[in-house]
Amino acid sequence: MEQEVMDSIMFCLKNQDVLIPLGYFTAAMAVGNFFIFSLQAEFGSLTTTLTTTLRKLISVVLSVFLFGHSIQPLQWLAIAVVFLAKEIAKKMAGLVQTPVVHTEEKKKN
């Protein structure tokens, strides 16, 4: 591990033109991590998971349309499932009916 760090430092010293983009990348990562932390603290893990998954999914779709990358038909199906996951979950939840216990019934027991 120490050798990898030293190799990285030596690369940066030899190629100083990489320092500005590396600084931008570092700043963007710090802002992104702050956003993820704030999202987790404010809204919880489910919202954070959905947000990060959607962000990654949008990145893949934009990559296809903006840069011409290709995706196989089964991968398009997976993208559709991710986009429709909430609706699919609602339909599946509707198939399983759980009894609702009202507050008054709880008090009697």
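Begin by selecting Phe35, Ile36, Leu39, Gln40 and Phe43 in helix α2, and then add Ser45, Thr47, Thr48, Thr51 and Thr52 in helix α3, since these are the residues through which the two helices meet; contact here means heavy atoms within 4.5 Å. By class, this contact has four nonpolar, six polar and no charged residues, where Ala, Val, Leu, Ile, Met, Phe, Trp, Tyr, Cys and Pro count as nonpolar, Asp, Glu, Lys and Arg as charged, and the others, Gly among them, as polar.

What you have open is a predicted model, in which local features need pLDDT of at least 70 and side-chain atom pairs count only at pLDDT 80 or more, while totals for chains, interfaces and linings use all residues. Residues are numbered from 1 along each chain as its sequence is written, and side-chain values use heavy atoms, with hydrogens and water left out.

Next, show helix α2 (residues 19-43) and helix α3 (residues 45-67) in full: their axes come within 7 Å and cross at roughly 140 degrees. The axes are lines fitted to C-alpha atoms, for helices over the stretch in contact, and the angles run from 0 to 180 degrees between N-to-C directions.

Now select threonine 48, which lies in helix α3 and counts as buried because its relative accessibility is 7%; buried means under 20% relative accessible area, exposed over 50%, and partly exposed in between, with a 1.4 Å probe and protein chains only. Leaving aside neighbours within four places in sequence, threonine 48 is in contact with Ile36, Leu39 and Gln40, and the side chain of threonine 48 reaches the backbone nitrogen of glutamine 40 at 3.4 Å.

Move on to the one aromatic pair that the structure holds. The ring centres of phenylalanine 65 and tryptophan 76 are 6.2 Å apart and the ring planes stand at 50 degrees, so the pair is tilted; rings of Phe, Tyr and Trp (its six-membered ring) pair if their centres lie within 6.5 Å, and planes under 30 degrees apart count as stacked, over 60 as edge-to-face and the rest as tilted. The pair links distant parts of the chain, with phenylalanine 65 in helix α3 and tryptophan 76 in helix α4 (residues 73-83), 11 residues apart. Phenylalanine 65 counts as exposed at 60% relative accessibility, whereas tryptophan 76 is partly exposed at 33%.

Finally, display the whole chain, whose secondary structure comes to six helices and zero strands; helices (H or I, at least four residues) and strands (E, at least two) are DSSP runs, numbered from the N terminus. Buried residues make up 7% of the 109 residues in the chain.

Note on methods
Polar contact = N/O pair within 3.5 Å; in protein donor to acceptor, adjacent residues only side chain to side chain.
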